[in-house]
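Student: Could you walk me through one part of this model in detail? I'd like a close look at the strands in the core of the second chain, and then how they sit in the rest of it.

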Amino acid sequence: MRFRQRIRTANWTAYAMVLPAVLIIAVIAVWPLIRTFWISMYDLRLNDPARNELNVSYGINAEKYANSMPLLLSLLNKEAEAASGKSHTELRELADRLARADAGLREDAALQTRLDRINALLDDFKPVPADMQNIHIDKTGAERMRSELSGIGQSLQTLKEQGALSRADEAIGLAKAVQQSFTVPNFVGFGHYARLLSEPRLWEALDHTALFTAIAVALEMLAGLLIALLMNRAFRGRGLVRAAVLIPWATPTAVSAMIWHFLYDGQNGIVAKLFAEIGLIPDMGALLSTRAWALFAVVLADVWKTAPFVALLLLAGLQTISASLYEAAQMDGASRWKQFVHVTVPMLKPTFFVALLFRTLDAFRVFDLIYVLTGGGPANSTESISIYAYKTMFAELDFGAGSALSVIVFACVLLISIVYVKLLGGEVLSRRIG
Amino acid sequence: MSKKWWSAGSAVTLAGGLLAGCGGTGDDVNPAADTASNGQASASEQTQAGGGQPASKVKIVFGQGADQTDGTKKLVEAFEAKHPEIDVDVREFPNDSTQMHDQLVTILGGKSPELDVVNLDVVWPAEFAQAGFLLPLDRYIQNDGLDLSQYLEGGVNAGNYNGQQWALPRYNNSGLLYYRTDLVKEVPKTWDELLKQAEELKGKGGTQYGYVSQGKQYEGLTVGFTELVGAYGGTILDENGRSAVNSPEALKGLKKLIEIYTSPAVPSNINTFTEKETLNAFIEGRAVFARHWPALYAQANDPSKSKVVGKVGIAPLPAGDARSAAALGGWLGAISKYSEHPKEAWEFLKFLVSEEGEKIIAVNSTQTPTYLKLFDDAEVQQASPLFASRDFVNGLKSAVPRAITPDYAKISGLIQVEVSKAIAGQQTPEQALANLEKQIDQNAAK
């Protein structure tokens, strides 16, 4: 009994010791992920007031309402006074309908006081605090108001076509604005995923990303290995070379991408000129303007930038290989090539795979290089999945779909990691044990 | 957050240092209510620190694209001379309007109070208004009796969304055809004539290209598409925000656009051309014709940069079957909803669009004023021959606005993708328009 308790206490102490680490991981890694996933289940659009928050219930944006409803009311009354005959009665009726709806809403005393306070604040140039803006109302009330307003909007549209309104666009716009001050639940479940997966744009983006990753990473690993082998030799000025090789890696990607943009420029770019002179490209302008050459240009810039990083990692791996192994191999009469194949390669394998994993995951999320060099063009042929997510989220403000894309990126990256660890990591591990 | 604390701290120091010994109760510049949420905490501190002083300075921040001329500097100086109690800080943004858009959206989407007055591209107000980033100006326009009929109508309309005014036009412009007066005998009136002349004249007088324009997959491509579609009588959206793009007229426009961009008269890498590349090609004397905004004129006649000084002609854009349609460009001023000093911001915005404010920008930065009376002002007319030209002013009045919709960024993005694919030959123009229609309507239905 006592023994068991002691074990339990010991267990708890151990858990308590780990707890801070678990909490930190939860806060900085798991929470944002869950949050992103959660947002991806909503139709969240920052540029649409009816959908700019995660709404599970109906509500009203009191500030928007206070800013548009009185204007619409007074406008309709003015229009009614100015009009004559049939349209006069129609407009009168519309204005009354609107006033009734407004009064019905204001029967809620809390809402009424809130609106009064907001009005006072607005007249005074004072900001309306965020916590005053949204008020919950029940579903039937909200639906009734929305349908009432869309009915009024349609009547206004007909009146406009009849030419009965002097400020038609304003009236219709205001009716829309009032309607938009009511918020509706925007939970869509897996709707974004279903739509995105059924559209070709996502698959094209994944395709471009995978192609870029495969070519760029293969070239980087090769170039990195060669540079590492070179730097591992003893020669004069080795320190200087090692430092110099790091310069591309140390330059911020956005800056180096700008530099490459100048170099690739179809009118004045040195690299473009050089490539055209040696006949590598058909003409100076080809580099960023066709699919294949744009991909080539992006890959070249990426290899230039990250091969040194791979080289440095591999160099560290090379230096852990004991010189005695080579000596022993030499004693056994192994040639340089045999030494490389039987000593260097197996000993370097773990480091190589770590570098490969790093680079693959990094390359798969490529963003800044493409953003600066091509912006995803020409004809969308270099749009990577991250560029697509960025455009959706920040240019179009569609946070729901953008989050869904981010989650898809995460899923791909996770998949790649699992495959690598299973296939390559396992092999490395078993060799070590054996 | 740290920035906020810093600014609150500096306000305290500033007020303490400058105003030691002053007393009295004057205008409370921004009495943010105590009930305000945390976001306004620094505002109330600032008020407490500087408040109650008649000469207390309020700092407002004005965000706009980097100004290469000294127009903005002079503008701010003139304003501060008039309003010594307001200090205006100019925050510069990238000149690439897409990048500026994304940065503004990040700042305003985060409800940050760091900006008070912002400069908006002519296509943003609807989106920003709908997103709730802007302060509706109707109350203040009415209270101060601003007469919007004195301004260029297209500009005022661009700032109007859902019947309310969210932004006021500061300067407007429209696309123009630039040509080399030493090479072109007769200015082309239609796109067909332009293409024919461009192909013939290419290579003459040291040129390499017949015609240069903005063909990269970015906002400029949407502008070019809008102009061609408009020239052949089509539109992109109908009155209710539904797609109207899959029409025979729009198809004609798109086909002409493709014909131009695949012609030997344009550079083979026209699909990497933005305004910058177009400008370089033209002022270095490599192109016979160019489509650009009015701002090119001043640079093309600057001997320190340009090789074509004195050989630059301007004309309205060529016409299609229907008319000559130049896209309306330009910038509007608006007030951030999250501003902590909306009253001062309104004073500044009012000054920006006042006769005096617009004149400073017109004279110093050669930006086209929106206050119509200024076109009769001798000093303004001297600043650029464009301003004195009746043709230009009339062209400006008939410029076609790009679609006014809160989903502009989305629709423009779709146009860029589909049109760019059609130019590259990856799909037929018919397919491009059908795809575009489907996607625009899908988006509108959501």
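Tutor: Here is a walk through those strands, followed by the domains, the contact between the chains and the other chain. Keep in mind that this is a predicted model: local features need pLDDT of at least 70, side-chain atom pairs count only at pLDDT 80 or more, and totals for chains, interfaces and linings use all residues. Residues are numbered from 1 along each chain as its sequence is written, while chains are lettered from A and ligands numbered from 1 in the order in which they are written.

Let's begin with strand β11 of chain B, residues 328-335. Helices and strands here are DSSP runs, numbered from the N terminus (H or I and at least four residues for a helix, E and at least two for a strand). In β11(B), 8 of the 8 residues are buried, so the strand is largely enclosed by the rest of the structure. Buried means that 20 or more other C-beta atoms lie within 10 Å of the residue's own, with C-beta atoms placed from the backbone; 12 or fewer makes a residue exposed, and anything in between is partly exposed. Both faces of β11(B) are covered: one side has B:L328, B:G330, B:L332 and B:A334, the other has B:G329, B:W331, B:G333 and B:I335, and all are buried.

Now for the partners of β11(B). Strands of a sheet pair through backbone hydrogen bonds, either parallel or antiparallel. For a pair to count, DSSP has to find at least two bridges between the strands. Strand β3 of chain B (residues 117-121) runs antiparallel to β11(B), with 5 bridges joining them, and B:D121 has B:W331 as its bridge partner. Strand β6 of chain B (residues 168-174) is also antiparallel to β11(B), through 6 bridges, and here B:N172 stands opposite B:G330.

Next comes strand β7 of chain B, residues 176-180, where 5 of the 5 residues are buried. Its two faces are both covered, with B:L176, B:Y178 and B:R180 on one side and B:L177 and B:Y179 on the other. β7(B) is joined by 4 bridges to the antiparallel strand β9 of chain B (residues 287-292), where B:Y179 is matched with B:F289 as its bridge partner. β7(B) also pairs with strand β10 of chain B (residues 312-315), again in the antiparallel sense over 4 bridges, and B:L177 stands opposite B:A315 there.

Zooming out, chain B has 19 helices and 11 strands, and 55% of its 446 residues count as buried. Its domain 1 covers 59-173 + 329-397 and its domain 2 covers 176-326 + 407-445; the bounds come from an automatic or database domain assignment. The centres of the two domains, taken over C-alpha atoms, are 27 Å apart. Where they touch, 14 residues of domain 1 of chain B are in contact with 12 residues of domain 2 of chain B, contact meaning C-beta atoms, placed from the backbone, within 7 Å. On the domain 1 side, α4, α5 and α17 (390-397) of chain B give two or more residues each, and α4(B) gives the most, with 3 residues.

The contact between the chains takes 44 residues from chain B and 38 residues from chain A. On the chain B side, α4 (97-109), α5 (125-131), α11 (275-283), α13 (342-352) and α18 (408-423) each supply at least two residues. That side divides into 15 nonpolar, 21 polar and 8 charged residues, where Ala, Val, Leu, Ile, Met, Phe, Trp, Tyr, Cys and Pro count as nonpolar, Asp, Glu, Lys and Arg as charged, and the others, Gly among them, as polar.

Finally, chain A. Its secondary structure comes to 19 helices and 3 strands. The radius of gyration of chain A is 32 Å, well over the 22 Å that the globule rule gives for 434 residues, so the chain is more spread out than a compact globule. That radius is taken over C-alpha atoms, and the rule is 2.2 Å times the number of residues to the power 0.38. Of the 434 residues in chain A, 36% count as buried. Domain 1 (57-183) and domain 2 (194-433) of chain A have centres 57 Å apart, taken over C-alpha atoms. The 3 strands form an open antiparallel sheet in the order β2-β1-β3.

Definitions and conventions. Contact = placed C-beta atoms within 7 Å.
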